[in-house]
Amino acid sequence: MRRINFILAIVAVLLSACNSDVVKVRGEVEGLKGKVKLLAEMPGQEGLVVLDEQDVTDGEIDLRTEEFKIPGRVWVDIDGKATIEAILDTKDLIWIEGKIKFPSEIEAKGSGLMDEYASLRKMYKEKYDDVIKPLDAKIEKIATKEKMTRDDEVMLGIYQLRKQRYIQQRANWTKQLIEANPTREISLFLLKDELADSLDAQKRLFRKLVVQNKESNIYKVLESKLK
């Protein structure tokens, strides 16, 4: 009888662990000695909220929270020397790694959704950022002249018009991506990041989304903003 009770107790512990609401962000940053913080946007709250913090003495990071519902975006402040952005889509596989002497190279890994989003960001860069950047340089070169000629004014207008066209094309492409993927959570991140300047578009597209998980951080953050 005691053996049966012991086995049942072990099973109960294992089941409670599997059903735990704890979300973990762990890792190892070589040479890190200082405070790390886990931050996130929370529904109905202004700015970033500190979900957990830890005094690190040996480089090992172990941040945990029960307030955060995956998926969603968090930021990890590494002793004020680096801020690592990560999309969490798993409770226990996110890993921060790097060296404190190279803070810009510290990175987060372990999220399939974050990898997917990074691939999309690369496409945005190739299609739009890399095209708009040289236009910005030309606009700045003319706009900072002490005195513009008539030709300068004409070219400035042309460059600004081209830039606006690419910006509009970018927004249209984003809308098409979201409308083509109404059930996918990646659309929530596109909606939030790419259409931040168009509240009406955000509201219209958010109503069209049919993602299954409506309790996630990213869904609730958008819902509280767009209600």
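At what angle do α2 and helix α3 pack, and how far apart are their axes? Keep that in mind while you set up the view.

This is a predicted model, where local features need pLDDT of at least 70, side-chain atom pairs count only at pLDDT 80 or more, and totals for chains, interfaces and linings use all residues. Residues are numbered from 1 along each chain as its sequence is written, and side-chain values use heavy atoms, with hydrogens and water left out.

**Stop 1: α2 and α3**

Select residues 112-143 for α2 and residues 150-180 for α3. Helices (H or I, at least four residues) and strands (E, at least two) are DSSP runs, numbered from the N terminus. The two helices pack at an angle of about 165°, and their axes are 9 Å apart. Axes are lines fitted to C-alpha atoms, for helices over the stretch in contact, and angles run from 0 to 180 degrees between N-to-C directions. So α2 is roughly antiparallel to α3. Angles under 35 degrees count as roughly parallel, over 145 as roughly antiparallel, 65 to 115 as roughly perpendicular and the rest as oblique.

The crossing of α2 and α3 is left-handed. That word applies if the near helix is turned anticlockwise from the far one by less than a right angle; clockwise gives right-handed. Color the contact of α2 with α3 by class: 16 residues are nonpolar, 3 polar and 9 charged. Here Ala, Val, Leu, Ile, Met, Phe, Trp, Tyr, Cys and Pro count as nonpolar, Asp, Glu, Lys and Arg as charged, and the others, Gly among them, as polar. Contact means heavy atoms within 4.5 Å.

**Stop 2: α2 and α4**

Keep α2 and add α4, residues 186-194. This pair packs at an angle of about 45°, with axes 11 Å apart. That makes α2 oblique to α4. Their crossing is right-handed.

Show side chains next. From α2, pick Leu113, Glu116, Tyr117, Leu120, Arg121 and Tyr124. They meet Ile186, Phe189, Leu190, Asp193 and Glu194 in α4. By class, this contact has 7 nonpolar, no polar and 4 charged residues.

**Stop 3: α4 and α5**

Now hide α2 and show α5, residues 199-208. α4 and α5 pack at an angle of about 170°, with their axes 10 Å apart. They are therefore roughly antiparallel to each other. Leu188, Leu191 and Lys192 of α4 make the contact with Ala201, Gln202, Leu205 and Phe206 of α5. These residues divide into 5 nonpolar, 1 polar and 1 charged.

Zoom in on Gln202. Is Gln202 buried or exposed? Gln202 is buried, with a relative accessible area of 0%. Buried means under 20% relative accessible area, exposed over 50%, partly exposed in between (1.4 Å probe, protein chains only). Not counting residues up to four places away in sequence, Gln202 touches Leu191, Lys192, Leu195, Ala196, Lys225 and Leu226.

**Stop 4: α6**

Select residues 217-226, helix α6. Its buried residues are Asn217, Ile218, Tyr219, Val221, Leu222 and Leu226. What covers them includes β2 (34-41), β5 (72-78), α4 and α5.

Click on Tyr219. Its relative accessible area is 7%. Beyond four places in sequence, Tyr219 contacts Leu188, Phe206, Val211, Asn213 and Lys214.

**Stop 5: β5 and its surroundings**

Go to Trp75 in strand β5. Trp75 is buried, at 15% relative accessible area. Among the residues Trp75 touches are Lys37, Leu39, Leu48 and Ile84.

Two backbone features come next. Most residues other than glycine have a negative phi, and most peptide bonds are trans. Pro71 lies in the loop between β4 (60-65) and β5. A cis peptide bond joins Ile70 and Pro71, with omega about -5°. Asp79 lies in the loop between β5 and β6 (82-88). Phi of Asp79 is positive, near 55°. Asp79 is partly exposed, with a relative accessible area of 26%.

**Stop 6: the nonpolar core**

A nonpolar core is a set of buried Ala, Val, Leu, Ile, Met, Phe, Trp, Tyr and Cys residues joined through side-chain atoms within 4.5 Å. The largest one has 52 residues. Which of them touch the most other members? Select Ile61, Ile78, Leu88, Ile96 and Leu191. Helix α2 gives the largest share of this core, 6 residues. Another core, of 5 residues, lies apart, and its members include Leu135, Ile139, Leu156 and Tyr159.

Finish at Leu88. Among its contacts more than four places away in sequence are Val23, Phe68, Pro71 and Ile94.
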